[in-house]
Structures are given as structure tokens and as C-alpha cells.
Amino acid sequence: MRAYLASSIGVACTAALALPLALHPGPAHARAERTVAAAAVAVGSTRSLPLHPLDSLVDGGPDRGVAAGRGDAGRGDVAVERGVAASGVRPFSLVGVVWDRPAAELHGRAQVRTRAVGGAWSPWRELLPHGDEAPDPDSPELRGARAHGGTAPLWVGASDAVQARVLPERAGSERVRLERAGSARAHVGAAALPSGLRLELIDPGEPPAPPRPGLAALRALPGHPGHPVPTAGGGAPGVKPTVTGSPGRASWGASGSSGPSTKPSLPPRPSASVTTTPPPSALDTDADAANAGAARYSAPRPSIVTRAGWGADEKIRETGHVYSQTVKVAFIHHTVTGNNYSCSQAPSVVRSIYRYHVQSLGWRDYGYNFTIDKCGKIYEGRSGGVTKAVRGAHTLGFNTNSMGVAVLGTFTSKKPSAKAVKAVAKLTAWKLGLFKRNPRGTTHLVSGGGNKYKKGTSVKLHVIAGHRDGFATECPGKRLYKKLGSVRKTAARLQGR
């Protein structure tokens, strides 16, 4: 995420309204619960709670707080502290704060505390900015009516109560003067907050169950009465041999078969302004494997959990896909969703981020092309084919001709696991090899606009680069960024260089 400058933030109040969820006022889109069920996955949900203005401090526990300001209640851009509290809501596991305009910046701090189901309240935690991991500025995906600005999401685990507060930024001298005067007008001299502030509560739903084998598959098992007797040539009489995958590829949930087709039915949000192509088959073709071998230097394909394997609800994303001409750079990220998750929870974290990207931020699909958990497991991200040059929404200004690889966690002060770093090397060695890229080399990309390079600037980048190389941000965290040298070396070795 971009560097977070919050030294001028004043002392904040607890923001707790302690009202039933159904009583929160606000526009219909902000108070509605959006729940979508798919045949292959259990129900997940996204719930929005408007953040109300606050203008008086009351000390107390997690169920006490301040009343909503009256005079500013209808003015979304007023620089007053805002907050919300809700108890006894449907369990959720990931939270984030969003607002109306994606171009608007949050000049302040967003903080949350949550109560674990059957447990205690957490301390207040920061929600970091998300504006630098997004579609490109001129992309229809970012300029569409559904697009919103927002913080990065935070994984909090199964929770049933929440408090959130957004504290506007203030000039240092004004903050000191107000604190010394004990002024109740905490918003004087503060930067305006974006309109439409609301808290998003994400329930990832349960993981998908493995598919039941069909009758044909059962009959094909040795020992079944319908199993054909092999002939001397290796086939069954009158039966043509079929290929269901490629050697070395795992089945359901891994890098070979994706199980049932992931093509969605009844497209929810067709986008005529975005040039798309028909979605590739869920199964990789033999031609893809041939392309991999066409390069002089290539690397083995690692095991990849497909979207069906981690339970992507294909009905919530836009239909079609957007592709680049090639993949020249692999940008490495951290998700800043925190490190407090188990490897068994990782698919739930991925499902939550997916729902946040699509339903809360209004993107067409999951932002990253791939995601890697702390145990080194690789997950397919944005749909369109893992061997293809799918254009993602991960590095503002540099999404064209690149791919985004995000490691689940926050690595500003904590080291990434050795398994995760090794998985980054394996994945980039294989995928960059498909496009004949040297992991230890450099290349050029043209900026689409950002805070580090102006639009149209040709920028020299490492083929395996950190997010901060293309944008002024802390991502992928200094502890992960320090590992990129060894990642490049390992990836090159895996390619036989």
C-alpha cells in the first residue's frame, strides 16, 4: 500500500452507535445486504453499514460511544469524525471501508475493532489505503458507474460485532490548538472526508465441496462391472482413448482440471465499454503446453489451485475477459490483510478479497492474477486462463503487459515464509518462461499514470519487480521486497539459465 502519513492525526473518540443493523439510515445501496449463492459454493455475503458523523466524546466500553452529529448528517464531504457500531450481526471475517468516488482520497485514518464469535474484542486496527492497487486510471473498470474508492481489506476471522471510525487528517498546529482549547468542534481545520463512507462486512461462506464423480467416471474405475477390458494395444474394444489432462497436473482444485466449467450464467453486469473476448475453456489445452516448450528457457508448471478449487462464485463477476499482448513484468505485492490466518483459512481469505474487489470496490473481477499463502500454495486469481496474458487490477498505471502476484499477509515488519518466497520463484519462473522473459533481466513498460511516473513515461523495470518500483508505495512491504533478489536468482535457475 502507499506510504501512510498519519502523524498529524488527532486523538480520536470511540465511534459506537450501538444500533441494530436494520436501523442504520442511508441510501438503499449502502444498507442493502448483497448475497449470492452458486451451485458449487456455499452462500457468502457483503453487508454495508453507513458511517455517520460524530461530534461529541463519551468514554465507555465497546457498547458505548458517541451520538451521531445532527447538523452534518446529510453532508457526506464534511470533515467530521465518522463511525458506526453493530452487534449481533451475521458472522463476517473481513472488513474494509469504501466511499463513492474511486478518485477521491481518504485524508484520514480508518480503524476498526471486532469481536470474535463467542470471544473478546480486538484492539483498534488500521485499514491501510488501497488506491494504488487498482485498475489503470483510464480503464473502463475504474471509470465505470459501479467503481468505488476504498481501503485495503483486513482479515479479522469469524466475528459477530464491529466498531469502525474514520478520523480526518488535520494540520498539526490546528490540532494542537483544538486539543489545548478542548474544542468540541473537532472538524475545524480538518481535511474533508470522501462522500458515501461505509463499512463493508464480508462473509466468505463455506469452502466448496469436491464434485461427486459422474456415472461415466465410476464405470471407468477398474473393477467396476462396466469397466472395459483393455486390449493388447492398451485401449478398450471400440473405445477411443481420451485425454483429460496433461502429465504432472493434479485434478480437482489444482492446476489441471478445474472441475465444472467456470463460465457464469446470466451475466450480472455486462460491460459494453470494455473490449472483451470469449472466456477460454476451464481446461488448459495441449497447445498451451506446447507454447511453454517453445521457449528456449522454461520452468516446470507449479501446482495451482483453480478458482473452482478455492470456491470463486463466478456469478458475481463480469463476463468476458480483457487481455494484454504479452507479459513483460511480474509485480509482487502483499495483500496487507494481516498475517493472522491459518493455511486452511487461506481459501476463505481469497474468497473474501474477491468479494470485496467485485462487490465493494466495483471491479470486474479479482484484482491479482495469482495469490500465494504462507504455506506456499498458489491460487489462480483473475479469471481468463492461467497461461494467458490476462489484464488484472493490481498496479495502478502498469496493468497492461504485466501480471500481479500477491502474497497473503502484511510484510512491512514481518518476514514472509520461506515457502511463500519459494512459491513466488516457481510461479514467476514458469509464467515468465511462457513469454520468454528472463527473471533476472530488465524491460520497459509505459506508464498509464500514477504518483511516481506520468502517463506515457517509458519506465525501465526488473522483469520481477516490486509494486513500489512502479508506484510510490510501501508494497510489497520492505521484508518481502528484500527477498526479490533471491526470487529472481531462483526463478532464473528454474528456467535453466
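**Sheet order and aromatic pairs in a predicted model**

Student: What is the strand order of the open sheet of six strands?

Tutor: This is a predicted model. Its open sheet has six strands, and the pairing is mixed. The order is 10-13-12-14-11-17.

Student: Which are the edge strands?

Tutor: An edge strand here pairs on one side only. That applies to residues 304-305 and to residues 464-466. The edge strands are strand 10 and strand 17.

Student: In which sense do strand 11 and strand 14 pair, and what is the bridge partner of H333 in strand 14?

Tutor: Strand 11 covers residues 329-334 and strand 14 covers residues 402-407. Six bridges join them, in the parallel sense. H333 has its bridge partner in strand 14, namely A406.

Student: Which strands does helix 10 touch, and what angle does its direction make with that of strand 17?

Tutor: Helix 10 spans residues 484-494 and packs on the sheet. The strands it touches are strand 11 and strand 17. With the direction of strand 17, the helix direction makes an angle of about 165°.

Student: Why is the pair of W310 and Y366 classed as tilted?

Tutor: The ring centres are 6.0 Å apart, which is within the 6.5 Å limit for a pair. Planes under 30 degrees apart would count as stacked and over 60 as edge-to-face. The planes of W310 and Y366 are at 45°, so the pair is tilted.

Student: Where do W310 and Y366 lie, and how many residues apart are they?

Tutor: W310 belongs to helix 6 (residues 307-310). Y366 is in the loop between helix 7 (346-360) and strand 12 (370-372). Both residues are buried. The pair links distant parts of the chain, 56 residues apart.

Student: Is Y453 buried, partly exposed or exposed?

Tutor: Y453 forms an edge-to-face pair with F398, at 6.2 Å centre to centre and 85° between the planes. F398 has a relative accessible area of 2% and is buried. For Y453 the relative accessible area is 24%, and buried requires under 20% while exposed requires over 50%. Therefore Y453 is partly exposed.

Student: Which residues do ring pairs link into a cluster with Y354, and which residue has its charged end over the ring of Y354?

Tutor: Ring pairs join Y354 with W310, Y366 and Y368 in a cluster. A charged end also sits over the ring of Y354, 5.0 Å from its centre. That charged end belongs to R307.

Student: At what distance from the ring centre of Y341 is K374?

Tutor: K374 lies over the face of Y341. Its distance from the ring centre is 4.3 Å.

Note on methods:
Residues are numbered from 1 along each chain as its sequence is written. This is a predicted model: local features need pLDDT of at least 70, side-chain atom pairs count only at pLDDT 80 or more; totals for chains, interfaces and linings use all residues. Side-chain values use heavy atoms; hydrogens and water are left out. Two strands pair if DSSP finds at least two bridges between them. Helices (H or I, at least four residues) and strands (E, at least two) are DSSP runs, numbered from the N terminus. Contact means heavy atoms within 4.5 Å. Axes are lines fitted to C-alpha atoms, for helices over the stretch in contact, and angles run from 0 to 180 degrees between N-to-C directions. Buried means under 20% relative accessible area, exposed over 50%, partly exposed in between (1.4 Å probe, protein chains only). A charge sits over a ring if NZ of Lys or CZ of Arg is within 6 Å of the ring centre and within 35 degrees of the ring normal.
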